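Okay, thanks for squeezing me in. I'll put the thing on the screen and then just walk you through what I noticed.

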Amino acid sequence: MIRITLIQIASFLLPFLLFFIWRWQTRSEVKLTATPALKLALAGAVFAIVMMIVLVMIDAASGGHEGDRYVPPRVVDGEVVPGYFVPAEEADDESGDDTPQ
C-alpha cells in the first residue's frame with residue numbers, strides 16, 4: 001500500500017520537478033510570470049481530454065460483445081480463475097453449476 005501511495009505522490013510531483021529543472025537549466029533572465037501559463041494549461045487540458053477518450057476506447061474494445069455475459073473471477077481447486085466473457089448460451093450452462101441448492 002505504501003508503494004502505491006509513493007507512486008501516486010511521485011506521479012503528482014514529477015511535472016513540477018521537470019518544470020523547475022527546465023527553468024534551472026535554461027538560466028534565462030525571463031521572469032517566471034512571463035511563462036506561457038495559458039498555453040500550457042490549454043495544452044494540458046487537451047492532452048487530458050485526448051487521454052480520457054483513448055482510455056474509454058481501449059476499455060470498450062477490451063469488453064465483451066453485445067449479448068455476452070461476464071463470468072466473475074472465482075476460486076477453482078485453490079487457484080483464482082480470472083473473469084471472462086462468454087456467449088449467453090454458455091453462461092446459462094455455467095450458471096447452473098454455481099447455483100446453491
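Let me start with a quick one: does Phe19 count as buried, partly exposed or exposed? Keep in mind that this is a predicted model. Phe19 comes out as partly exposed, because its relative accessibility is 26%, and the cut-off for buried is under 20%.

While we're on the aromatics: there are four aromatic pairs in total. Phe19 with Phe20 is an aromatic pair of the edge-to-face kind, with the centres 5.4 Å apart and 65 degrees between the planes. Those two also belong to one aromatic cluster together with Trp22.

Okay, zooming out. The protein chain has three helices and four strands, and if you read along the sequence you get α-α-β-β-β-β-α. Now, of its 101 residues, just 6% count as buried. On contacts, take the ones between residues at least 6 apart in sequence: 3% of them join residues at least 24 apart. The accessible surface adds up to about 9,200 Å², and carbon and sulfur atoms own 69% of that.

Next, helix α2, which covers residues 37-62. I like the sanity check here: with 26 residues at 1.5 Å each, α2 should span 38 Å, and the end C-alpha atoms sit 37 Å apart, so the two agree. And how many of the 26 residues of α2 are buried? The number is zero, so α2 lies largely in the open.

Leu42 is one of the residues in that helix. Leu42 counts as exposed because its relative accessibility is 57%, and the cut-off for exposed is over 50%. Leu42 is also part of a nonpolar surface patch of about 740 Å², along with Val46, Phe47, Val50, Met51, Val54, Leu55 and Ile58.

Last stop, a backbone oddity. Most residues other than glycine have a negative phi. Asp77, though, has a phi near 55 degrees, so a positive value in a residue that isn't glycine. Where is Asp77? You'll find Asp77 in the loop between β2, residues 74-76, and β3, residues 79-81. Asp77 is exposed too, since its relative accessible area is 77%.

So, two spots to click on if you have the viewer open: the patch that includes Leu42 and Phe47, and Asp77 with its positive phi. That's all from me.

Conventions
Residues are numbered from 1 along each chain as its sequence is written. This is a predicted model: local features need pLDDT of at least 70, side-chain atom pairs count only at pLDDT 80 or more; totals for chains, interfaces and linings use all residues. Side-chain values use heavy atoms; hydrogens and water are left out. Patches are made of residues with over 30% relative accessible area and no salt bridge: like charges are joined within 9 Å, nonpolar side chains (Val, Leu, Ile, Met, Phe, Trp, Tyr) within 5 Å. Accessible areas come from the Shrake-Rupley method with a 1.4 Å probe; for residues, only the protein chains shown count as cover. A salt bridge is a side-chain nitrogen of Lys or Arg within 4 Å of a carboxyl oxygen of Asp or Glu. Helices (H or I, at least four residues) and strands (E, at least two) are DSSP runs, numbered from the N terminus. Buried means under 20% relative accessible area, exposed over 50%, partly exposed in between (1.4 Å probe, protein chains only). Contact means heavy atoms within 4.5 Å. The expected span of a helix is 1.5 Å times one less than its number of residues. Rings of Phe, Tyr and Trp (its six-membered ring) pair if their centres lie within 6.5 Å; planes under 30 degrees apart count as stacked, over 60 as edge-to-face and the rest as tilted.
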